[in-house]
Structure formats: structure tokens, C-alpha cells
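Trainee: I am new to this structure and would like to learn how to read it, feature by feature. Could you take me through it slowly?

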Amino acid sequence: MSKRRIAIACQGGGSQTAFTAGALKALYDGGFDDHFRLTSISGTSGGALCATLVWYALLKGDENVPQRLMDFWADNTAQTQAEEHFNHYVTESLRATNKGHLPQFAFSPYSPLIRTMLSLTTSQLRPHFTDLPTLLSKHIDFDELAATGPRPDLPALLLGAAEILSGQLVKFNSREQAICIEHLLSSCAVPNIFPAVEFEGGAYWDGLFSDNPPVDELAKAAFVGADNLPEEIWVIKINPTGCKQVPQAPEQIADRRNEMIGNMSLFHQLTHVGFLNDLLLRGAFNTDFLGQFHITEPILIPRCFDDEPAQPYHIPFIEMSQPLQEALDYETKIDRSPENLGRLIRDGEAQAKQFLRERIAALKTG
């Protein structure tokens, strides 16, 4: 029996995407490959890093697909006492500023003063911990990727970014171009932290301005190939959908605003795919027309809200447990302490393990 075709979309969220790493690890450790075939994987920001590391492990033919992912996050974790002090200072300073306990100053990432201060304060830390290009180059051989070129033979990898000068949304696609370090840096370039990534005539910012994560394209043959159209789209979701009370403190307002902005493009895309599924189920398209897009059936996508009516193409997100969602704040998106990243990875493993168990059971019951 052929394996069910799955596309996975990884939402961005800084350090909180350690949850995504744990979820992807649990999927592969739990026998994902025994029941499903990964047709494509997409990501934005931290989700793009996780997606690319899984895709690269598949390219390399790794027997243990998640190992590269775990090695990356181990290097991205504060390991020495100096690194833990630095991480604590940065995280708590931002937390105090957002609470109004410290004055807020606006600095540009292009500022020579900021660059000098950062260089001095990180001189005793591992380069892998303080410099993203160095960290990425340690875990991915970009020269090898440049030499092999586009890889239409693998599951499609789609990375979201935003081109600043034109204002256009961009999807870097492994089927069309060799994945390079600039693609990942573009998807991670938070404007108030990193300078724009400029290459090949374009200038790029964080993919959170674009699709968080790319979803629409996973269901289009033009992007992923006719043989890679999924039967289900799974979203590993970082930002919680709802909250229990109206935020009032400045830091609560900022945190909730960030969560809602992070979900906005995702919900728009899922609503769009859901509407097309409704039209398909109701016979709105003729067979010849659908054949032009290689569409034969609705695609299973996540349910956006808990009170949505049940639909045959809706399945749950892989998302954080409620206790963890409530324990996190905006500052945990930059916190790389072992405690923060460890609990995120463990929760990702637990939630994805349960999710996979339910999907396998659904396959067996038809």
C-alpha cells in the first residue's frame, strides 16, 4: 500500500522553535517514514532552520534524520557559564525594558557603536553561539549544495522571506535553485536585530513579514511538483491561537500582539485552502480543469479555531501544550538557556508523539 503523502509547514518564533525541533524528532523517531511520505517541508525564520536541517539530512541520506537538528540546537544552546551570563543579561534586559523598568532606546543593527559593543561582549563566547552564519555553516555544507544545484528529486523545501525594496513576498524553493546560506539568513533577518540580507540584487527581511509559514504553495504542483502534492498538510505551530484574558500590562500587550501577527498569514492561507476544498467537495470544478493543476481530492489541513464545524479535511495542529503556552512570554523567543530550550524540545516531542499516534490510528480505521 502506498504511503500517505504529507507536507509539513514549520511556523517561526525564534528560540521557541526548539519546540519544532522536538516535534520533528518525535515524528521520525516514532515511525513517520513507515506510514507517510514527506512530499515537501516549508518554514519561516526559526521554522526555516528546522525545515532545512531535516531536508539536508534527507539529502545526505542520514539514517537518523533528526540528529542534525538536535546537534544544531545543542550548539545554539548556552553551554558555558559565560554564555549563560550573556544570555541571561540579554533576555532579562529585554524583559525589564518591556515591563517599563528600564528606558527603551532605539538602535539600528547597522550602528557602528552597537556592532563594537556586541563584538566586545561576545569575544569570549563560542562563535557558533554568537554568529548565525558560522553556526549554519558548521551544520550545512553550502558549497556542496551550490555544486549540486536544484534538487527536484527530494521533497521540496520552501523558505519564506520578504524582499524589502519591492515589498514582494518570496519563497526560496529547493526544486528551482540551490539552497544557500543567504536564503536562511533572509528568513531569519528580524529587522531590529539583524541588517537586511542583500544578495543577487535583492534585500531581504525576516519571513514573518511574508508567510509564517508558507502553506498555499505546498498544495500547488508549480511549486512542489505534480508527484509531491500532499494529501495532508501538517502545521507545527508556535504562536498560540487564543488567550484567557485581555492583556493590560505593556509587556502583555506586546506579547499578544506578536502572537497574533505571527498567526495572521497562517490563518489567511488555511482559510483560502479550506475554501478551495469546499468548492472541490461541492463539485464546483470540472475534471478537465482540476487536471490542469493535478488535483484529485481535498487536502487535509489543520483547523484554525476550536469552534469551527468539523470538516473532512481538518486535522489538529501540532502545537504546544496549554501549560507551556501559558508559561512562555515574548522574551523566551530569544532565550537560549538550557532550561528554556530543553522544556520546548521535550514538549515538542510529547505533542508530536501523540499527534502521530492519532494520525496512524486514523489511517488504520480508514
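**Helices, unusual backbone and hollows**

Mentor: Let us begin with helix packing, keeping in mind that this is a predicted model; H1 and H3 pack with their axes 10 Å apart, at an angle of about 30 degrees. The crossing of these two helices, H1 and H3, is right-handed.

Trainee: Which residues of H1 and H3 meet each other?

Mentor: On the H1 side they are Thr20, Ala21, Leu24 and Tyr28, and these meet Cys50, Val54 and Leu58 of H3. Sorted by class, the contact of H1 with H3 holds six nonpolar residues, one polar residue and no charged ones.

Trainee: At what angle do the axes of H1 and H15 cross?

Mentor: The axes of helix H1, residues 18-29, and helix H15, residues 338-365, cross at roughly 40 degrees and come within 6 Å. That angle makes H1 oblique to H15, and the crossing of H1 and H15 is right-handed.

Trainee: Which residues of H1 and H15 take part in that contact?

Mentor: From H1 come Ala18, Phe19, Gly22, Ala23, Lys25, Ala26 and Leu27, while the H15 residues that they meet include Leu341, Leu344, Ile345, Asp347 and Gly348. In the contact of H1 with H15 there are 10 nonpolar, three polar and four charged residues.

Trainee: How should I read the pair H3 and H4, and why are they described as oblique to each other?

Mentor: The axes of helix H3, residues 46-60, and helix H4, residues 67-75, come within 8 Å and cross at roughly 135 degrees. An angle over 145 degrees would count as roughly antiparallel and one of 65 to 115 as roughly perpendicular, and H3 and H4 are therefore oblique to each other. Their crossing, that of H3 and H4, is right-handed. In this contact Leu49, Cys50, Leu53, Val54, Tyr56, Ala57 and Lys60 of H3 meet Arg68, Leu69, Phe72 and Trp73 of H4, and by class the residues divide into nine nonpolar, no polar and two charged.

Trainee: What should I look for in the backbone itself?

Mentor: As a general idea, most peptide bonds are trans, and most residues other than glycine have a negative phi. Against that background, the peptide bond from Asn212 to Pro213 is cis, with omega near 0 degrees. Pro213 is placed in the loop between strand S6 (202-205) and helix H11 (221-224).

Trainee: What is the phi of Glu200, and where is Glu200 found?

Mentor: Glu200 has a phi near 50 degrees, which is a positive value in a residue other than glycine. Glu200 lies in the loop between strand S5 (197-199) and S6.

Trainee: Let us turn to the hollows; what is the volume of the second largest pocket?

Mentor: A pocket is an open space, and the second largest pocket here has a volume of about 520 Å³. Its lining has 27 residues, among which Ala219, Leu276, Phe293, Ile295 and Ile299 are the closest to its centre. At least two residues of this pocket's lining come from each of H11, helix H12 (250-281) and helix H13 (287-291), and H12 gives the most, with five residues. By class, the lining of the second largest pocket has 16 nonpolar, five polar and six charged residues.

Trainee: How many cavities of 30 Å³ or more are there, and which residues line the largest cavity?

Mentor: A cavity differs from a pocket in that a probe fits inside but cannot get out, and the count here comes to one cavity of 30 Å³ or more. The largest cavity holds about 60 Å³ of space. Its lining includes Gln16, Ile238, Asn239, Pro240, Asp255 and Glu259, and the residues of the lining of this largest cavity divide into five nonpolar, three polar and four charged.

Key
Residues are numbered from 1 along each chain as its sequence is written. This is a predicted model: local features need pLDDT of at least 70, side-chain atom pairs count only at pLDDT 80 or more; totals for chains, interfaces and linings use all residues. Side-chain values use heavy atoms; hydrogens and water are left out. On a 1 Å grid over the protein atoms alone, a cavity is a set of points where a 1.4 Å probe fits but cannot get out, and a pocket is an open set with protein on both sides within 12 Å along at least five of seven lines; lining residues have an atom within 4 Å of a point. Grid points are joined across faces, edges and corners, and a volume is the space filled by probe spheres set on the points. Ala, Val, Leu, Ile, Met, Phe, Trp, Tyr, Cys and Pro count as nonpolar, Asp, Glu, Lys and Arg as charged, and the others, Gly among them, as polar. Axes are lines fitted to C-alpha atoms, for helices over the stretch in contact, and angles run from 0 to 180 degrees between N-to-C directions. Helices (H or I, at least four residues) and strands (E, at least two) are DSSP runs, numbered from the N terminus. Angles under 35 degrees count as roughly parallel, over 145 as roughly antiparallel, 65 to 115 as roughly perpendicular and the rest as oblique. A crossing is left-handed if the near helix is turned anticlockwise from the far one by less than a right angle, and right-handed if clockwise. Contact means heavy atoms within 4.5 Å.
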